Amino acid sequence: MNHYHNLQVQLEQHTALISLHNPPANTFTREGLMALTQLVHDLNARPEITSLILTGSGQKFFSAGADLQTFASGDKALAREMARRFGEAFEALAAFRGVSIAAINGYAMGGGLECALACDIRISETQSVLALPEATVGLLPCAGGTQHLSWLVGEAWAKRLILLGERIDAATALRIGLVQEVVDSGMAVERAQQLAALAAKQSPRSLRTCKQLIQGARSQPVQHMLVQEREAFVDLFDGPDQAEGVQAFLEKRRANWSYQ
């Protein structure tokens with residue numbers, strides 16, 4: 001699966017490891033965003049893939065986001081298309097049916113941080129720097145940044161990062177809940193792989209359904225989602241995983257899940 005523009009892809013058992021590869025800063029291009037959208041759709045069509053890990057190639061950048069040269073001409077039509085491409089890619093990433101993990105291994109700036117924000121879990125190496133500095137150059141985060149960041153860290157910290165353009169280190173990101181764990185330099189992918197291995201032990205159908213319910217709480221009233229939760233619980237009895245999972249537990253063995 002290594003035919004995606006500016007992306008390096010490795011599949012191992014139930015995990016897809018995706019490296020953003022556009023040196024020197026792993027910036028996103030139109031073609032790279034389209035490739036990421038297509039890749040996520042392709043992974044969704046492979047039910048045996050339960051996790052994806054996103055990281056940056058090299059040792060300095062996760063991703064610096066968009067190349068500002070793209071917007072130097074002031075072309076509004078180009079800006080509209082790039083905003084759409086960013087939205088399509090990161091919305092596809094957020095809707096990935098399995099677990100998505102950002103292994104942040106350096107600078108995650110602008111669209112690079114928005115990419116990480118679209119993932120379910122963020123692991124940061126200790127040297128990483130995170131920011132949404134778009135307003136500094138007369139722009140704004142247009143790929144979910146104003147929304148995802150507010151959901152994750154609250155309005156006050158979202159305003160501090162976006163309105164002030166403040167850069168934060170990994171320790172601060174951990175303290176405010178932007179990342180879930182900080183690891184030593186060079187260890188983010190390994191830690192992400194360990195988490196992906198935990199996801200592989202879960203029922204794929206249960207995992208997918210739980211993720212949809214959790215994310216549904218962002219836009220739906222709790223009374224509605226509580227009903228959906230109960231209905232989804234009962235619906236799991238229509239598939240093979242429920243019986244296999246219970247039986248495996250009773251027999252003290254690992255479940256043999258159905259990937260479909």
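This is a dialogue between a student and a tutor about reading a predicted protein model.

Student: What should I know before I start?

Tutor: This is a predicted model, in which local features need pLDDT of at least 70 and side-chain atom pairs count only at pLDDT 80 or more, while totals for chains, interfaces and linings use all residues. Residues are numbered from 1 along each chain as its sequence is written, and side-chain values use heavy atoms, with hydrogens and water left out.

Student: How do I read a sheet, and what is the order of the six strands here?

Tutor: Start with the terms. Helices (H or I, at least four residues) and strands (E, at least two) are DSSP runs, numbered from the N terminus. Two strands pair if DSSP finds at least two bridges between them. In this model, an open sheet of six strands follows the order S1-S2-S3-S5-S7-S10, and its pairing is mixed. Strand S1 (7-12) and strand S10 (181-183) are at the edges with a single partner strand each, so one side of each has no neighbour in the sheet.

Student: How do S1 and S2 run, and what stands opposite Glu12?

Tutor: S1 and strand S2 (residues 15-20) run antiparallel, joined by six bridges. Opposite Glu12 you will find Thr15 in S2.

Student: Which way do the partners of S7 run?

Tutor: S5 and S7 pair in the parallel sense over four bridges, with Ile104 opposite Ser124 in S7. S7 and S10 also run parallel, through three bridges, and there Glu125 stands opposite Val183 in S10.

Student: Is S7 mostly covered or uncovered?

Tutor: First the scale: buried means under 20% relative accessible area, exposed over 50%, and partly exposed in between (1.4 Å probe, protein chains only). S7 is mostly covered, as four of its five residues are buried.

Student: Which strands does helix H7 lie across?

Tutor: Helix H7 (residues 188-200) lies across S2, S3, strand S5 (99-104), strand S7 (121-125) and S10, and runs at about 165° to S5. For such angles, axes are lines fitted to C-alpha atoms, for helices over the stretch in contact, and angles run from 0 to 180 degrees between N-to-C directions.

Student: What about the sheet of four strands?

Tutor: That open sheet has the order S4-S6-S8-S9, again with mixed pairing. Strand S4 (61-63) and strand S9 (168-169) are the edge strands, each pairing on one side only. Strand S8 (residues 129-131) runs antiparallel to S9, with two bridges, and Leu130 has Ile168 as its bridge partner in S9.

Student: How do I describe two helices that pack, such as H4 and H5?

Tutor: Use the angle: under 35 degrees counts as roughly parallel, over 145 as roughly antiparallel, 65 to 115 as roughly perpendicular and the rest as oblique. Helix H4 (residues 145-153) and helix H5 (residues 155-164) pack at about 135°, their axes 7 Å apart. That makes H4 oblique to H5. Among the residues making the contact (heavy atoms within 4.5 Å) are Leu149 of H4 and Trp157 of H5.

Student: And how do H8 and H9 pack?

Tutor: Helix H8 (residues 204-216) and helix H9 (residues 222-235) pack at an angle of about 175°, with axes 10 Å apart. They are therefore roughly antiparallel to each other. The residues in contact include Leu213 of H8 and Met225 of H9.

Student: How many disulfides are there?

Tutor: A disulfide is a covalent bond between the sulfur atoms of two cysteines. Here it is taken as a pair of cysteine sulfur atoms within 2.5 Å. A search of the whole structure finds zero. The sulfur of Cys115 has its closest cysteine sulfur in Cys119, 5.5 Å away, too far for a bond. Cys115 counts as buried, at 0% relative accessibility, whereas Cys210 is partly exposed at 44%.

Student: Where is Gly56, and is it buried or exposed?

Tutor: Gly56 is in strand S3 and is buried, with a relative accessible area of 6%. Leaving aside neighbours within four places in sequence, the contacts of Gly56 are Leu20, Asn26, Phe61, Phe62, Ala103 and Asn105.

Student: Which helix holds Glu244, and what does Glu244 touch?

Tutor: Glu244 is in helix H10 (residues 240-250). Glu244 counts as buried at 18% relative accessibility. Not counting residues up to four places away in sequence, Glu244 touches Arg253, Arg254, Ala255, Asn256 and Trp257.
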